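Q: Please take a close look at one part of this structure, the negative surface patch, and describe which residues form it and where they lie.

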Amino acid sequence: MPPLPLEKIRNIGIIAHIDAGKTTTSERILFYTGREHKMGDVDDGTTTTDWYFEEKERGISIFSAATTCSWKGHRINLIDTPGHVDFTAEVERSLRVLDGAIGVFCGVGGVEPQSETVWRQADRYKVPRIAYVNKLDRVGSNFPKVVEQIRNRLRTNAVPVTWPIGEEAEFSGVVDLIDRVAMTWSDEDQGATFESGPVPEELSDVVEVARGELIEALAEFTPWMEERFLEGGTFTPAEIRKAVREGTIARKITPVFCGSSFRKKGVQPLIDGVLHYLPSPVDMPPTEGKHPETERPVTRRPDPKEALAALVFKIFTDAHGELVYVRVYSGTLTAGEVVWNPRTQKRERITRLNIMHGQQREPAESAGPGEIVTVVGLKLARTGDTLCDQKHPVALAEMRFPEPVVSMAIEPKSSADKDKLAETLGKMEKDDPTFRMRTDEETGQTIVSGMGELHLDIIKNRMKHMYKLDANVGEPRVAYRETVLKEAAGEAEFVRKVVEGKGQYGHVKLRIEPDRAATGIVVTNAAPEGTFPKGFWPSIEDGIRSGALSGGVAGYPMMQVRVTVTGGSTHPTDSHEGAYGAAAGMAFHKAAQAAGGVVLEPIMKFDVFTPPESMGGVLEDLNRRRAEIRSVEHEDRMAKLSGLTPIAEMFGYANDLRSLTQGRGQSSLEPHDYRPVPANVARSLFGDGG
């Protein structure tokens, strides 16, 4: 694609609860912008962004998919993300590199549990958003109610900028509140064109009230509007759009659009909204990072003449090899270029660049600031790595992912496939930051962990279809973890003598301590300069992290632990990178034993919807499951129970809830945190050794 001014680029994602219509909306955007000449359909399995075979079969998004389209002289780099909680990592890493997002909401279901989760993720990365209330043709849809839910549940200043014409089956178009123009669509050309006209008389009062509320909301945080508003002055459409844009980018307002993507109504105004209100790369603050050695703050502006700074946000391995997804923040990334990875302290050559369109690849020679591309040739990169110029190094902020909550044993059906299983799981672990693989030291079993039963089922099926590997799996079980109780130190030497030539020597001292804010293991280097060769640090860190996988006292992977490397020594001739990694792992185990440990269990946040007449039985059942009820709400003839509960108590809950509510109850779970297993429960689970 030809280069464009940065002001003409939009990097956006589509986020939502499952079944809100994200992928259908993405397909309509691709069709109306001319990127696709045939409109894809989720039910038919013909969408561009849901290309994986299980996405087609299940009708859900599993992987985030990147594509690019053009609209009115602008380029839109679009990422469609999954809506199921088991694939929350796909949303997390997409939001890390996006400048803006469209939050899609069902006009019937409104703000649903995963809507809240992805909204909080976007809050964490300070991503400006616009909202789109979809499915307004459905029975029971209610646009004003959903807008109110967005305001109250998501704690955002949601203000409509379009308004629906007609309700449910009578929904025929939308009113642009800023221009006071009604837009209606017919089905003759698949919604590609629409007619503009005056606001229907029956809606004129509603539209004027909604428009007035929009202007009032803008005046509250827009100084140049406030005085004129208080004096009763008027504003041109251009002035209103300017204020909406300023407020959206500052995250002081969330413009709300409406439509029905399936019925092909209301999508074009939404695309216009992307251009009008969501930021370009130059509207965002400079990207912040640290110098990898001095840790002093470093900033990078979106300028192709600056030193390179790019972030690896996703890795995907298929039959053709490994694709590394990269967002460029500064400088220019070029095919054939050698880049520096501060984490590995290694240089690697990029052999090819691609612009992605679902699973299709379009070769590119270079990518500048604001571009999202895939690269081929990087063997050592992992999600969260920075690619930069070695002469001007920078380490951008890494991404944080939740720890897995469900585990299962896995083994190949054929013993001849044992090595292939390990290799395949290793590739999948590199692809997916929320997937873990380890070996149980007592049983020798391979244990895999993920975000839920669906996540692990997808992993198993992907092995079979993509890697031609059949495996037997055990029943899902809780992914317990360990942490330490107190601070402790550890020290170890690894010495291997050889008859001829150099030996292998490594010596590491470290300190471990509890860190309840850490999701996993935090490793820092506080050793005096020159304690060991600088290039050995990645091996030392890997040794510590490998040691943490096998646990401290109970054998479960460790988390919420801070490890500080405090010292060590070198050998005049035998210092060896691998030996330092081995010594670090040994020192970690010594420190973990001295620090004492406690077993942690994953705690889930739940929302349970039940008819009021069944609430007594549902509450009694939740109490038996060690649930902590935090709130009870009544809405739309249903009771909503929210709280926390250990996932150990929730296997098979969906079936039990259906029995308790005559099939009318629904529930959702999402990871919340890890907490110590109560002593009485630990004794029943682990015996006296737990």
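A: In this predicted model, a negative patch on the surface is made up of Glu 213, Glu 216, Glu 220, Glu 226, Glu 227 and Glu 231. Two helices, helix 6 (204-221) and helix 7 (223-230), each contribute at least two residues to the negative patch, and helix 6 gives the most, with 3 residues. Glu 231, another member of the patch, is placed in the loop between helix 7 and helix 8, the latter spanning 237-249. Because its relative accessibility is 62%, and exposed means over 50%, Glu 231 counts as exposed.

For the wider setting, the domain assignment divides the protein chain into domain 1 (6-277), domain 2 (287-396), domain 3 (406-474), domain 4 (481-595) and domain 5 (600-686). Taken over C-alpha atoms, the centres of domain 2 and domain 5 are 43 Å apart.

Helix 1, which covers residues 22-32, offers a view of a mostly covered element, with 11 of its 11 residues buried. The buried residues of helix 1 include the charged side chains Lys 22, Glu 27 and Arg 28, and among the others are Thr 23, Thr 24, Thr 25 and Ser 26, together with Ile 29, Leu 30, Phe 31 and Tyr 32. After helix 1 comes Gly 34, which has a positive phi near 85°.

How values were computed: Residues are numbered from 1 along each chain as its sequence is written. This is a predicted model: local features need pLDDT of at least 70, side-chain atom pairs count only at pLDDT 80 or more; totals for chains, interfaces and linings use all residues. Side-chain values use heavy atoms; hydrogens and water are left out. Patches are made of residues with over 30% relative accessible area and no salt bridge: like charges are joined within 9 Å, nonpolar side chains (Val, Leu, Ile, Met, Phe, Trp, Tyr) within 5 Å. Accessible areas come from the Shrake-Rupley method with a 1.4 Å probe; for residues, only the protein chains shown count as cover. A salt bridge is a side-chain nitrogen of Lys or Arg within 4 Å of a carboxyl oxygen of Asp or Glu. The place of a charge is taken as NZ of Lys, CZ of Arg, CG of Asp or CD of Glu. Helices (H or I, at least four residues) and strands (E, at least two) are DSSP runs, numbered from the N terminus. Buried means under 20% relative accessible area, exposed over 50%, partly exposed in between (1.4 Å probe, protein chains only). Domain bounds come from an automatic or database domain assignment.
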